[in-house]
Amino acid sequence: MSYNKNGYYRRAKAIQELTATHYEPGRHDRCRKWVWKKYIEPLYNVTYKTFLSYLRVQIPESMK
C-alpha cells in the first residue's frame, strides 16, 4: 500500500476556500487571524502557523 497526500490536499483546499469566502483584504476586523479563530480553528483544530502553511499549498490539477 503506498502513501499519498490526498487528505492533505483536500484539507488545504477546504481551508483555502473557507478563507477566500470570509477574508476581506483591507478590513482589520476580517483579517486572516479572525478567519482562523472563527472558522478554521474550531473545525480543523490547527494552529495559526499551520493555517498559514495550508494557505501556501499548491493544489495539484488532479485534485481540482
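How many Å does helix H2 (residues 32-44) span between its end C-alpha atoms, against the 18 Å of a straight helix of 13 residues? In this predicted model, the span of H2 comes out at only 15 Å. The 18 Å figure is what 1.5 Å a residue would give for a straight helix of that length. There is a bend to go with this: H2 turns by about 35° at Lys 38, and Pro 42 follows within four residues of that point. Just past the end of H2, Asn 45 adopts a positive phi of about 55°.

Now for the inward-facing part of H2. Val 35, Trp 36 and Ile 40 are its buried residues, and the cover over them includes helix H1 (6-22) and helix H3 (48-55). Val 35, Trp 36 and Ile 40 also turn up in the largest nonpolar core, a set of 11 residues. The other members are Tyr 9, Ala 12, Ile 15, Val 46, Phe 51, Tyr 54, Val 57 and Ile 59. At least two residues of this core come from each of H1, H2 and H3.

A closer look at Val 35 brings in Thr 19. Leaving aside residues up to four places away in sequence, Val 35 touches Leu 18, Thr 19, His 22, Tyr 23 and Ile 40. Thr 19 sits in helix H1 and, on the same sequence filter, has Val 35, Phe 51 and Leu 55 as its contacts. Is Thr 19 buried or exposed? Its relative accessible area is just 5%, so Thr 19 counts as buried, the cut-off being under 20%.

Note on methods. Residues numbered from 1 in each chain as written. Predicted model: local features only at pLDDT ≥ 70, side-chain atom pairs only at ≥ 80, totals over all residues. Heavy atoms only, no water. Expected span 1.5 Å × (residues − 1). Bend = angle between axes of the 7 residues up to and from the residue. Buried < 20%, exposed > 50% of the residue type's maximum accessible area, 1.4 Å probe, protein only. Contact = heavy atoms within 4.5 Å. Core = buried A, V, L, I, M, F, W, Y, C linked by side-chain atoms within 4.5 Å.
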